[in-house]
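Welcome! Please take a moment to look over the sequence and the 3D view, and then work through the exercises with us.

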Amino acid sequence: MVNQSSSAWQRWLTQTVLPHVILFGYTCVALFPIFLVIINSMKERKAIFKAPYLPPLPDTFSLEGYATVIERANFPLYFTNSIVVTVISLVLILFTGSMAAYALSEYKFPGNTLLGLYMALGIMIPIRLGTVSIMSIVVSMGLMNTLTALILVYTAMGLPLSIFVLQEFMRQVPRDLKDAARVDGASEYRIYWLILPLVSPALATVAVFTMIPIWNDLWFPLILASGESVKTVTLGAQIFLGQFVTDWNAVLASLSLAMIPILALYMIFSRQLIRGLTSGAVK
Amino acid sequence: MKKEVTKTSRKPFPVHIVVFMAPAVIIYTVFMVFPLIDSLRLSFFTPDGQGGAAFVGLGNYINLMTDELWSGRFWNALWNNFVFFFINMLVQNPVGLLLAALLSARKLRFRNSYRTMLFAPTMLSVVIVGFIWQLILSPLWGIAKGMMTFIGMEQFFMPWLGLESSALIVLALISVWQFIGIPMMLFYAALLGIPDEMIEAAHVDGANPWQVFWGIKFPLILPSVGIVSILTYVGNFNAFDLIYAVQGGLAGPNYSTDIMGTLFYRTFFGFQLQLGNPTMGATVAGMMFMIILGGVLLYLYGWQRNIQTYEV
């Protein structure tokens, strides 16, 4: 606790140096494990144990782990499945969610508030709790072990929060704009289509919020789509890692393979993503 | 579900509203609301042995809480889940708040880099995170042991994930490590929303940063404290992936890391020798539903209504 009489030196120490010490220290805690796995994935077995902190050097460099992974696990297929599921769910969520949010924010109709509340219920209640019935619905639709089942479930899971957020943003679009379009004889569908680009920052925020849990989910792939041809990356990695626990090269390589694309994408888009997260939170 | 919309048909029928609402309402109702309700309904039934189901009222719930076949596992999972939640609540959120407070300081260099790096683990899949920490803590690899030796505490190293007394705590801390980005960002966003003039005024009045934080900033971000707490609560009582990835479906050692999510999975889906039991699974889900709903209601009526919110 610095009081006013404290010297400038002490203030500099507590207000400039100390924050950096804490932030840098925690950054190390956050990144060191990831870093360690990636560097060791490119080393030969002996070096992994003997000098785990050293980066791969010419005489310890080895990609045998990656070779095992490529030979034994179908990661390209798992990646494709994950991308298909995530992208289609996302498109469905953004499209149907923005339509519903538009209707709820634009039109006054009986039951509007009630319907809004109904759609918001799912924000706090996890969809996982309905798994027993979801499974029987999926079975009766003949969708067991298909990506379609995952897409439908994830769309339902993402809708409540996206409708809630999008509604807030759509309310802020000036009335005059829509009325002007109406005077010009634009249909309601056309007006929705004109409004959509105006809320694109909100769409981006929603995309981020919904994408991460879908990509990373283990529960529904495990229960609804565990067949080899429909495995997602998360489930594929879980099963592969379980089988190869003793093959350190393969384990480290598969962890790196599962992480690197996500981390690369994250580094590229982190600024937009964080802006989306913080603006979404303020809003 | 559709009835809600078609009620408006007195005036010229607003087809467009139905068109706008129908896709979202249908998908949401069929795959989320109906399953939740149907699952709750199922928890009042039990297979009658002839392919049908017999209504047993609260029988399944009573069994879950008192029958010796179920109650041991249930109370154990519930207790563990509370421990898991409290560790998350007491470590993740204060540390997240500290990081956010430091990040939102007005003159901070490398702010964007820190923010990006601190949030990185949150992006990773829980499965990947679980395995990374399993490797780091493994006595075979010796990373954790090496670190302990480095700071002169070698004698305190233990295979924590394999010990009944520490496995749950370690898993909770792994969860903290991964998800700390979320409270950090929410607090950070709230702190950025505080107008500079208010802080300025306090400085002029001679308040030091510590006083400014607790006297001005913290009261202003109380709504975020509530949101973070309820998100942590719901997330923790719905957790599953981390325990399953690290300790398997049996949540070892000796069920010491079993939480409601893993209990639900084993009960419903079965695991190894245990056969799946949909109605008991639905009962466990029903319990989780009530626990989560209880927390949410407490938040909505106990917290949100009673905290003072200041218009900034």
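The exercises below go from confidence and overall layout to single residues, each with a worked solution.

This is a predicted model, in which local features need pLDDT of at least 70 and side-chain atom pairs count only at pLDDT 80 or more, while totals for chains, interfaces and linings use all residues. Residues are numbered from 1 along each chain as its sequence is written, and chains are lettered from A and ligands numbered from 1 in the order in which they are written.

**Exercise 1. Find out how confident the predictor is about chain B and the complex.**

Step 1. Start with pLDDT, the predictor's confidence in each residue, from 0 to 100. Chain B averages 88, and 95% of the residues score at least 70.

Step 2. Now look for a weak stretch: over residues 1-9 of chain B, pLDDT stays under 50. The model has 17 contacts for these residues beyond four places in sequence; two residues are in contact if their C-beta atoms, placed from the backbone, lie within 7 Å.

Step 3. For the complex, the predictor gives an ipTM of 0.87 and a pTM of 0.89.

**Exercise 2. Describe how the two chains meet.**

Step 1. Take both sides: 74 residues of chain A touch 71 residues of chain B.

Step 2. Sort the chain A side by class: 55 residues are nonpolar, 17 polar and 2 charged. Here Ala, Val, Leu, Ile, Met, Phe, Trp, Tyr, Cys and Pro count as nonpolar, Asp, Glu, Lys and Arg as charged, and the others, Gly among them, as polar.

**Exercise 3. Lay out chain B and its domains.**

Step 1. Chain B has 15 helices and 2 strands. These are DSSP runs numbered from the N terminus, with helices (H or I) of at least four residues and strands (E) of at least two.

Step 2. The C-alpha atoms of chain B fill a box of roughly 75 × 75 × 30 Å along the principal axes.

Step 3. Chain B is divided into domain 1 (3-62) and domain 2 (63-304), with bounds that come from an automatic or database domain assignment. Their C-alpha centres are 32 Å apart.

Step 4. Where these domains of chain B touch, domain 1 gives 11 residues and domain 2 gives 12. On the domain 1 side, α2 (15-42), β1 (45-47) and α3 (59-66) of chain B each give two or more residues. The largest share, 4 residues, comes from α3(B).

**Exercise 4. Work out how α12(B) and α15(B) pack.**

Step 1. Helix α12 (residues 222-237) and helix α15 (residues 278-304) of chain B pack at about 175°, with axes 10 Å apart. Axes are lines fitted to C-alpha atoms, for helices over the stretch in contact, and angles run from 0 to 180 degrees between N-to-C directions.

Step 2. α12(B) and α15(B) are therefore roughly antiparallel. The cut-offs are under 35 degrees for roughly parallel, over 145 for roughly antiparallel, 65 to 115 for roughly perpendicular, and oblique for the rest.

Step 3. Residues of α12(B) in this contact include Ile230(B) and Phe237(B), and those of α15(B) include Ile292(B) and Trp303(B). By class, the contact has 10 nonpolar, 3 polar and no charged residues.

**Exercise 5. Is helix α14(B) mostly covered or uncovered?**

Step 1. Of the 10 residues in α14 (residues 260-269) of chain B, 9 are buried, and the helix is mostly covered. A residue is buried if 20 or more other C-beta atoms, placed from the backbone, lie within 10 Å of its own, exposed if 12 or fewer, and partly exposed in between.

Step 2. Among the buried residues are Leu263(B), Tyr265(B) and Arg266(B).

Step 3. The cover includes α6 (131-140) of chain A, together with α4 (71-103), α12, α13 (241-247) and α15 of chain B.

**Exercise 6. Inspect the backbone between α13(B) and α14(B).**

Step 1. Recall the usual pattern: most residues other than glycine have a negative phi, and most peptide bonds are trans.

Step 2. The peptide bond from Gly252(B) to Pro253(B) is cis, with omega near -10°. Pro253(B) is in the loop between α13 and α14 of chain B.

Step 3. Asn254(B), not a glycine, has a positive phi of about 50°. With 11 C-beta neighbours inside 10 Å, Asn254(B) counts as exposed.

Step 4. Tyr255(B) also has a positive phi, about 60°. Tyr255(B) is partly exposed, with 18 other C-beta atoms within 10 Å.
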